Amino acid sequence: FNLENLLFHHFDYILRNQLDAEWHKLSFKTKQLISDITTLRKLLDYLVRYDAFSFYYLLTKIQATSSEQQSPSLW
């Protein structure tokens with residue numbers, strides 16, 4: 001994998017497909033990290049698409065949602 005693949009070619013989907021057969025064996029922390037990778041990749045995409053105010057609003061929504069979860073994101 002290189003940086004371009006990680007950021008722009010849905011690395012999280014590829015990773016999930018690779019781990020799908022073993023998904024039931026993975027720890028909660030590993031599954032959460034894969035979910036976090038998805039969120040971070042989407043944020044990178046939104047960063048270049050949205051204006052600063054819209055992006056900030058999105059970040060505050062994600063932060064509020066994460067803090068309300070029983071197991072908040074690790075990042």
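Asp20 sits in the middle ground between hidden and open: with 46% relative accessibility it counts as partly exposed (buried means under 20% relative accessible area, exposed over 50%, and partly exposed in between, using a 1.4 Å probe and protein chains only). Its partner is Arg16, and the two side chains meet in a salt bridge at 3.9 Å, N to O (the rule asks for a side-chain nitrogen of Lys or Arg within 4 Å of a carboxyl oxygen of Asp or Glu). Arg16 is partly exposed too, at 34%. Arg16 also lies over the face of Trp23, 3.7 Å from the ring centre (a charge sits over a ring if NZ of Lys or CZ of Arg is within 6 Å of the ring centre and within 35 degrees of the ring normal).

All of this comes from a predicted model, in which local features need pLDDT of at least 70 and side-chain atom pairs count only at pLDDT 80 or more, while totals for chains, interfaces and linings use all residues. Residues are numbered from 1 along each chain as its sequence is written, and side-chain values use heavy atoms, with hydrogens and water left out.

The salt bridge count comes to four. One of them joins Arg41 and Asp12 at 2.5 Å, N to O. Arg41 belongs to helix 3 (residues 28–49) and Asp12 to helix 2 (residues 11–19), so this pair ties together parts that are 29 residues apart in sequence. Both Arg41 and Asp12 are buried. Another salt bridge links Lys25 with Glu22, where the closest N and O atoms are 3.0 Å apart. Here Lys25 is exposed, with a relative accessible area of 60%, whereas Glu22 is partly exposed at 37%.

Aromatic rings get a look-in as well, with a count of one aromatic pair (ring centres of Phe, Tyr or Trp, the last by its six-membered ring, lie within 6.5 Å; planes under 30 degrees apart are stacked, over 60 edge-to-face, and the rest tilted). The rings of Tyr46 and Tyr50 have centres 5.2 Å apart and planes at 15°, so the pair is stacked. Tyr46 is partly exposed at 25%, and Tyr50 is partly exposed at 40%.

Zooming out, the protein chain has four helices and zero strands (DSSP runs numbered from the N terminus: H or I of at least four residues for helices, E of at least two for strands). Of its 75 residues, 16% count as buried.
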